[in-house]
Amino acid sequence: MVPVDDRSGAALRARFAREAEKLGCAVHIADTSAQGVQQVLDLLGGDPAILSWDFEHIPLPGLAAALDEAGIRRVADDPGVRVGITGADAGLAGTGSLVLTTGAGKPRLASLLPPVHVAVLETGRIVPHFEAWAEQQRANGAHLDAGGTIVLIGGPSRTGDIANIPVRGVHGPGAVHVIIV
Amino acid sequence: MDVQSNNFIPAARIAIRDPQLQAALHASSTNSTRARAESLFAFGREHGEHMREQAAEAKRRALRRLPDLLERAEARMQANGMRVLWAEDAAEARRLVLDVIERHGARRIVKSKSTLTEEIDLNTALEDGGLDVLETDLGAYIVQIAGEHPSHIVGPALHMSKDTIRDLFVRELAMPPTDDAEQMTQFVRERLRQAFLGADLGICGGNFLIAETGSLCLSTNEGNGRMVTTLPRVLVALVGIEKVIESVDDFTTLAQMLARSNNGQVMTVYTQMIHGPRRPGETDGPEELYVILVDNGRSRIYGTGYAEALACIRCGACLNACPVYRSAGGHAYGWIYSGPIGAVITPLLAGLEHATPLPYASSLCGKCKDICPVRIDLPRMLLDLRHDLVTQGHSPALWSLGLHGWAAVSGAARLFSLARRGLRWGLRLVPNRLPGPLDGWTRYRDLPPAAPQSFYELWQERQKTRDHE
Ligand code: SF4
């Protein structure tokens, strides 16, 4: 496992942000929910529709109302949609990975089909590494296999299959934004 | 694909004269090897070696407990709603896949890259059954439309240049001409997106299977693996029985070692742990999920002195480090597995008589063992296979061919003569070991005593005296 020495909240957040940026994520810090909501709206530009998790699983109170007001619809699986919005079950500081589990109201496609993925992550959910998260789940009495699928996401989709030239956004999102609240 | 490994030497001869292939091999293996070292030792040599030790131990422990872990994995997977099937050999695995396809009336199939499905020649069986099968990993897709076979277990199209791929896309897919790898990738993205959305069955492999949780684990970068395991109604995963590991903690170690050893990533972009089909209340994910556990010769190997070959996590590092692979390329090995692990596993899986040159496709320089994330002793097994060749009577003609072959292919002759020139000095100090990078060499071969002067040097001196006469 990757060494993570300083495990204070601020240090974990800083480490997560640094590692995620190294992987090609854009990291935004939101001090208030209102600021986070604004960041989402900015990323959406004038898009009419999004794919997303149920809003109860996205830790940004006020997001649903703001999207409603802006006339932005939530659709089920329209392949033309540009942005997918999800929460995150955890952030792994040591490797900059997002942990997403699936379940009712947390569709897999929201972080997969659209070219842009926006993940909203609570600072308190940043842990040193996957082992720590797994340990936490066990301590809470939750089986790791209780969720349908766990996916760890480390930055935008990428390939080097054409002559080793790095290219982003092959099948999955070519841009990943993490809003830390 | 038929095993053509007995053609290794002529195939390698052609490969080393192909400048485009040589350039591609050089670029990809040097890149990967450098990135691997940087990432593995990012927290110091000791930390990297410690992680490697952990990974090696995780796989060895898993192999020791293999039968037990397989049963535990099966029970967990079934409890999570997956259907678990067992295939003793390639024919049975193909039949099981075809049965599932028929049961669900599937016609359009998307695949994410799986070397095991190449091993059992699944695509041919599906195509013969009149089914549409599309590879969706970019490299595997390129190789599929070119009508070729993967040349590297991680990067199937690493042997092709950008220009070759561009021409292929223009010719076969009517791509608007472009020289930009990004635009070429975008073009494929659009095409394959349609295929994902229209597919009714997905086929994938598995990097690990965790006994503790029954997790089917996939490490991928492009996102096609997630598409294949999410969009089609039915998912079939084919997993070799040697892929089972004990715990989630072992998995995190191994998943990181896999990515680092492959191309220096800390983790692959997507690391999935799949725990069954779509649950109540979910709107996506497969409704039916089959896992086919494939033996195909593995349990036979398990009972021999070659069992540690089953610890391989298919990271590709030994290929990238191997001087023979770097010169001969993957196709010369004549089957899906190439490089040092290919030279060991091909004779074991396909039969020694079908791969007689491969145990000699190595200069025994020891780099493969030094770089392997799970410390598989590949040189030891290559030597044992050579021994088997002799005792099974596959020898004399091939011996000389083989020796000739590796000298030509690996540049071993040059390395050897360099070593020997340094040697007359070195030998006095360190009688039986070569210094630095040549150390691995002497671990597996005794050095012949050095002549006071090599023939070449004698000849040069002769010429000099002649010039003066
Ligand atoms: S033998 Fe070792 S280095 Fe080679 S592919 Fe397997 S795990 Fe990687």
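**Exercise 1. Place Arg168(A) in its surroundings.**

Step 1. List the contacts (heavy atoms within 4.5 Å). Leaving out residues up to four places away in sequence, Arg168(A) touches Gly24(A), Pro156(A), Ser157(A), Arg158(A) and Gly174(A).

Step 2. Take Arg158(A) from that list. Arg158(A) and Arg168(A) are 10 residues apart in sequence, yet their C-alpha atoms are 4.3 Å apart.

Step 3. Assign the element. Arg168(A) belongs to strand S11 (residues 167-168) of chain A.

Step 4. Classify exposure. Arg168(A) has a relative accessible area of 47%. Buried is under 20%, exposed over 50%, partly exposed in between (1.4 Å probe, protein chains only). Arg168(A) is therefore partly exposed.

The model is predicted: local features need pLDDT of at least 70, side-chain atom pairs count only at pLDDT 80 or more, and totals for chains, interfaces and linings use all residues. Residues are numbered from 1 along each chain as its sequence is written, chains are lettered from A and ligands numbered from 1 in the order written, and side-chain values use heavy atoms, without hydrogens and water.

**Exercise 2. Find what surrounds the ligand.**

Step 1. Collect the shell (a heavy atom within 4 Å). Among its residues are Cys312(B), Ile313(B), Arg314(B), Cys315(B), Cys318(B) and Cys372(B).

Step 2. Sort the shell. It divides into 10 nonpolar, 1 polar and 1 charged. Ala, Val, Leu, Ile, Met, Phe, Trp, Tyr, Cys and Pro count as nonpolar; Asp, Glu, Lys and Arg as charged; the others, Gly among them, as polar.

Methods: Helices (H or I, at least four residues) and strands (E, at least two) are DSSP runs, numbered from the N terminus.
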